[in-house]
Structure formats: structure tokens, C-alpha cells
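Here is a short briefing to read alongside the model. Please keep the viewer open and follow the residues as they come up.

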Amino acid sequence: MCPRFHVDWVAARMICSYGGSGTEWLPENALDRSKLGMGSGGQPDVQSGLMTDPTAIKQMPVFAVGLMKGEHGEGNEGRGLAHRSPMPADAQPRRLLLTLDML
């Protein structure tokens, strides 16, 4: 899936994890947007400076339905939700995920 924090280039995405762990996301105050994508210099999220507060990572509960605004949402340019797939764990090595994109 997507192991690094990123934003989606859609208007909005509905997301629900039916198995495994839920999607992780960062609140705006814990994120340096200049380090998203190529701004990371190829470094992992924990080293690039993207996360200004690594303890602020949030996680959607399994079976919760989330609506994430993306970069192409009207008036939302530069403010898409930064999110990533959680790292697989021995107890939950796989995920069952449903996403619906509003383009």
C-alpha cells in the first residue's frame, strides 16, 4: 500500500478498513508540508522532518468510515489530509481496505 505519508490528488476519498489496521493520518499541526513527496529528499518520514510531532499520529479504527479531503477539492489546494498505510504487524499482516474516490 502506501507506507509513507502523502496526500491524494482527488477531491475526496472515502476509506474503510474491514480487516487489519486502520489508516494513519497526521493533524496539520504535526506536519511540515514542504517535506511531502520529493521534499523528503528520499528520506523516510521519521528522518525527513515531515513529522514535526511523531507522537501526534492518529489512526482510524477498523470499520470506521472516513472521508478524507484531497488536494483537488475546491478550496482545499495545499491542505489535503496527509495519511499512510500502517506498517504490517505479525498479528495483522494483511489489510482489507475499501476506498471510493471523488474525482
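Glutamate 71 is buried in this predicted model, because its relative accessibility is 7%, under the 20% that marks the limit for buried residues. Its place in the chain is the loop between strand 4 (65–69) and strand 5 (83–84). The points below start from that residue and then move on to the sheet, the nonpolar core and some loop positions.

**Around glutamate 71**

- A polar atom of the glutamate 71 side chain lies 2.7 Å from the backbone nitrogen of glycine 78.
- Leaving out residues up to four places away in sequence, glutamate 71 touches Val7, Asp8, Trp9, Val10 and Arg33, as well as Asn76, Glu77, Gly78, Arg79 and Gly80.

**Histidine 83**

- Histidine 83 sits in strand 5.
- With a relative accessible area of 4%, histidine 83 is buried, because that value is under 20%.
- Its side chain makes a polar contact of 3.0 Å with the side chain of aspartate 8.
- Beyond four places in sequence, the residues that histidine 83 touches include Arg4, Phe5, His6, Asp8 and Arg13. Thr23, Glu24, Trp25 and Met68 are also among them.

**The three-stranded sheet**

- Three strands make an open, antiparallel sheet, in the order 4-1-6.
- Strand 4 and strand 6 (96–102) are the edge strands; each has a single partner strand, so one side of each has no neighbour in the sheet.
- From one strand to the next, the twist averages 20°.
- Strand 1 (residues 12–19) pairs with strand 6 over seven bridges, in the antiparallel sense. Opposite methionine 14 stands leucine 100 of strand 6.
- The antiparallel pairing of strand 1 with strand 4 runs over five bridges. Here glycine 66 of strand 4 is the bridge partner of isoleucine 15.
- In a regular strand, side chains alternate between the two faces of the sheet. Strand 4 shows such an alternation: Gly66 and Met68 point to one face and are buried, while Val65, Leu67 and Lys69 point to the other and are not.

**Isoleucine 15 in strand 1**

- Isoleucine 15 belongs to strand 1 and is buried, with a relative accessible area of 4%.
- Although 83 residues separate isoleucine 15 and leucine 98 along the chain, their C-alpha atoms are 5.7 Å apart.
- Not counting residues up to four places away, isoleucine 15 touches Thr23, Met60, Ala64, Val65, Gly66, Met68, Leu97, Leu98 and Thr99.

**The nonpolar core**

- In soluble globular proteins, nonpolar side chains tend to be buried together.
- Which residues make up the largest nonpolar core? There are ten in all: Phe5, Val7, Leu26, Ala30, Leu31, Leu36, Leu50, Met51, Ala56 and Ala82.
- Phenylalanine 5, one of these core residues, has contacts beyond four places in sequence that include Leu26, Leu36, Leu50, Met51 and Ala82. Glu24, Trp25, Asp45, Ile57, His83 and Arg84 are also touched by phenylalanine 5.

**Two partly exposed loop positions**

- Isoleucine 57 lies in the loop between helix 1 and strand 3 (58–59). It is partly exposed, because its relative accessible area of 27% falls between the limits of 20% and 50%.
- Outside its neighbours within four places in sequence, isoleucine 57 is in contact with Phe5, Glu24, Trp25, Leu26, Met51 and Arg84.
- The C-alpha atoms of isoleucine 57 and arginine 13 are 19 Å apart, with their positions 44 residues apart along the chain.
- Aspartate 32 is found in the loop between strand 2 (24–25) and helix 1 (45–48). At 24% relative accessibility, aspartate 32 also counts as partly exposed.
- The side chains of aspartate 32 and serine 34 are joined by a polar contact of 2.6 Å.
- Setting aside neighbours within four places in sequence, aspartate 32 is in contact with Gly49, Leu50 and Thr52.
- Aspartate 32 and phenylalanine 5 are 27 residues apart in sequence, and their C-alpha atoms are 11 Å apart in space.

**Confidence**

- The protein chain has a mean pLDDT of 94, and 100% of its residues reach 70 or more.
- Confidence is lowest in helix 1, with a mean of 93, and highest in strand 3, at 98.

Conventions: Residues numbered from 1 in each chain as written. Predicted model: local features only at pLDDT ≥ 70, side-chain atom pairs only at ≥ 80, totals over all residues. Heavy atoms only, no water. Helix = DSSP H or I, 4+ residues; strand = E, 2+ residues; numbered from the N terminus. Buried < 20%, exposed > 50% of the residue type's maximum accessible area, 1.4 Å probe, protein only. Contact = heavy atoms within 4.5 Å. Polar contact = N/O pair within 3.5 Å; in protein donor to acceptor, adjacent residues only side chain to side chain. Core = buried A, V, L, I, M, F, W, Y, C linked by side-chain atoms within 4.5 Å. Pairing = 2+ DSSP bridges. Axes fitted to C-alpha atoms, helices over the stretch in contact; angles between N-to-C directions. pLDDT = per-residue confidence, 0-100.
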